[in-house]
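Thanks for coming, everyone. I'll walk you through one structure today. Please have a look at it first.

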Amino acid sequence: MATIRVPEVVPSPPEDSEKLMKAFEGLGTDEKAIIRVLGQRNASQRKKIKETFQQIYKKSLIDCLDSELSGDFGRAVILWAYDPSERDARLANKALKSRRKNITELQVLVEIACASSPHHLAAVRQAYCALFERSLEEDIISNVSLPVQKVLVRLVSSYRYDKEAVDSSIANMEAVILHDAIRTKNLDDDDLVWILSIRNIFQLRATFQCYKDNYGKSIDEDIRACGKGILESILKVVVWCIDSPERHFAEVITIFKLLLMLLLRLLCISTSTPIGITT
């Protein structure tokens, strides 16, 4: 498996801008050259490249990428070229504007709120307002029905303390509150939503551990036992993004691979052409 490595000596933004412009010129787009530049630069470097490209060529780099690239590859490169906060704001807006409001679309909002830093969440909310002239909360209220709406609004409105601070007595007390709400299947309970949206991740991890120690099952197991609706799925993602984000994203990748395998098999059937698939 190939690995992209950032060069020890990074070219200047004008040099990178020139390479990108050359990649756009001619009969075909040099996609490998685009990857070599944008795929080997961090967010700060990509931002400088976009600014320099605009200054030199009086063109938007994003617009050039959009006109030269297509399909999933084009969408992926364009998303990568955005600043992280703008990228996530656009992903959130796409999820909210999609016709289907299932877990696949809405979980991106949970990922932004629970699997990134509070500073990043604040930057995403600011970028969302600048891009769409509405707050993220407004669009959640306009596009998502209760009770999921209530959970998502509280999550994206939060600004968690980001240092390691744990009070074991609070962890035990709030484990009881969470268990009572889940036991009665009152998953949009005010106290449950407040705890999951306000407490810092270290405090919540301690609470989740108390929950398992006291009741014999993990909190996500008990949430899933409540049913298979969108609210249960959203809360499971909340718990996983807080407690073990790597577990959540591993599942997302696995699902994507399975869908890709299914698509390839369907293609194989429709074309009667054998396709080898390895995982």
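Before the details, one term: when I say that residues touch, or are in contact, I mean heavy atoms within 4.5 Å. Also keep in mind that this is a predicted model.

With that in hand, take Leu152. Which residues does Leu152 touch, leaving out residues up to four places away in sequence? The list is Leu106, Leu109, Val110, Ile140, Val144 and Ile234.

Now the setting. Leu152 belongs to the largest nonpolar core, which has 51 residues. Within that core, four residues touch the most other members: Leu109, Val110, Ile140 and Leu152. Which helix gives the largest share of this core? That is helix α15, residues 230-243, with nine residues. There is a second core too, separate from the one I just described. It has 19 residues, including Leu20, Met21, Leu61 and Ala81. As background, nonpolar side chains in soluble globular proteins tend to be buried together.

Let me step back to the whole chain. The protein chain has 16 helices and zero strands. It runs to 279 residues, and 39% of them count as buried. How about contacts along the sequence? Take the contacts with a separation of 6 or more: residues 24 or more positions apart account for 66% of them.

Next, one helix pair. Helix α6 covers residues 84-97, and helix α7 covers residues 103-114. They pack at an angle of about 145°. Their axes are 8 Å apart. The crossing of α6 past α7 is left-handed. Which residues meet there? From α6, we have Asp88, Leu91, Ala92, Ala95 and Leu96. From α7, the partners are Glu105, Leu106, Val108, Leu109 and Ile112. Two of those names have come up already: Leu106 and Leu109 are among the residues that Leu152 touches.

On to the aromatics. How many aromatic pairs does a search of the whole structure find? Four. Look at the pair Phe24 and Phe53. Why is this pair edge-to-face? The ring centres are 6.2 Å apart and the planes sit at 80°, so the pair gets that label; the cut-off for edge-to-face is over 60 degrees. Phe24 lies in helix α1, residues 13-24, and Phe53 lies in helix α3, residues 43-57. The pair therefore ties together parts that are 29 residues apart in sequence.

Are these two rings' residues buried or exposed? Phe24 is buried, at a relative accessible area of 7%. Phe53 is buried as well, at 0%. Add Tyr57, and you have one aromatic cluster of Phe24, Phe53 and Tyr57.

Staying with rings, there are charges to point out. Arg46 lies over the face of Trp80, 3.9 Å from the ring centre. Arg205 lies over the face of Phe202, at 5.9 Å from the ring centre.

Back to helix α3 for a moment. Glu51 is found there. Glu51 is partly exposed, with a relative accessible area of 41%. Its C-alpha atom is separated by 9.4 Å from that of Ser17, and these two residues are 34 residues apart along the chain.

Now the loops. Start between α9, residues 136-143, and α10, residues 148-157. Ser145 is in that loop. Buried or exposed? Ser145 counts as exposed, at 54% relative accessibility. The C-alpha atoms of Ser145 and Lys101 are separated by 9.3 Å, with their positions 44 residues apart along the chain.

Pro147 has its place in the loop between α9 and α10 as well. What kind of peptide bond joins Leu146 and Pro147? A cis one, with omega of about 5°.

Last stop: two lysines with positive phi. Lys58 lies in the loop between α3 and α4. Its phi is near 55°, a positive value in a residue other than glycine. Lys58 is exposed, with a relative accessible area of 65%.

Then Lys185, in the loop between α11, residues 168-183, and α12, residues 190-198. Its phi is positive too, about 60°, although Lys185 is not a glycine. Lys185 counts as exposed, at 54% relative accessibility.

That's the tour. Over to you for questions.

How values were computed:
Residues numbered from 1 in each chain as written. Predicted model: local features only at pLDDT ≥ 70, side-chain atom pairs only at ≥ 80, totals over all residues. Heavy atoms only, no water. Core = buried A, V, L, I, M, F, W, Y, C linked by side-chain atoms within 4.5 Å. Buried < 20%, exposed > 50% of the residue type's maximum accessible area, 1.4 Å probe, protein only. Helix = DSSP H or I, 4+ residues; strand = E, 2+ residues; numbered from the N terminus. Phe/Tyr/Trp six-rings, centres within 6.5 Å; stacked < 30°, edge-to-face > 60°. Lys NZ or Arg CZ within 6 Å of the ring centre and 35° of its normal. Axes fitted to C-alpha atoms, helices over the stretch in contact; angles between N-to-C directions. Left-handed = near helix turned anticlockwise from the far one by under 90°.
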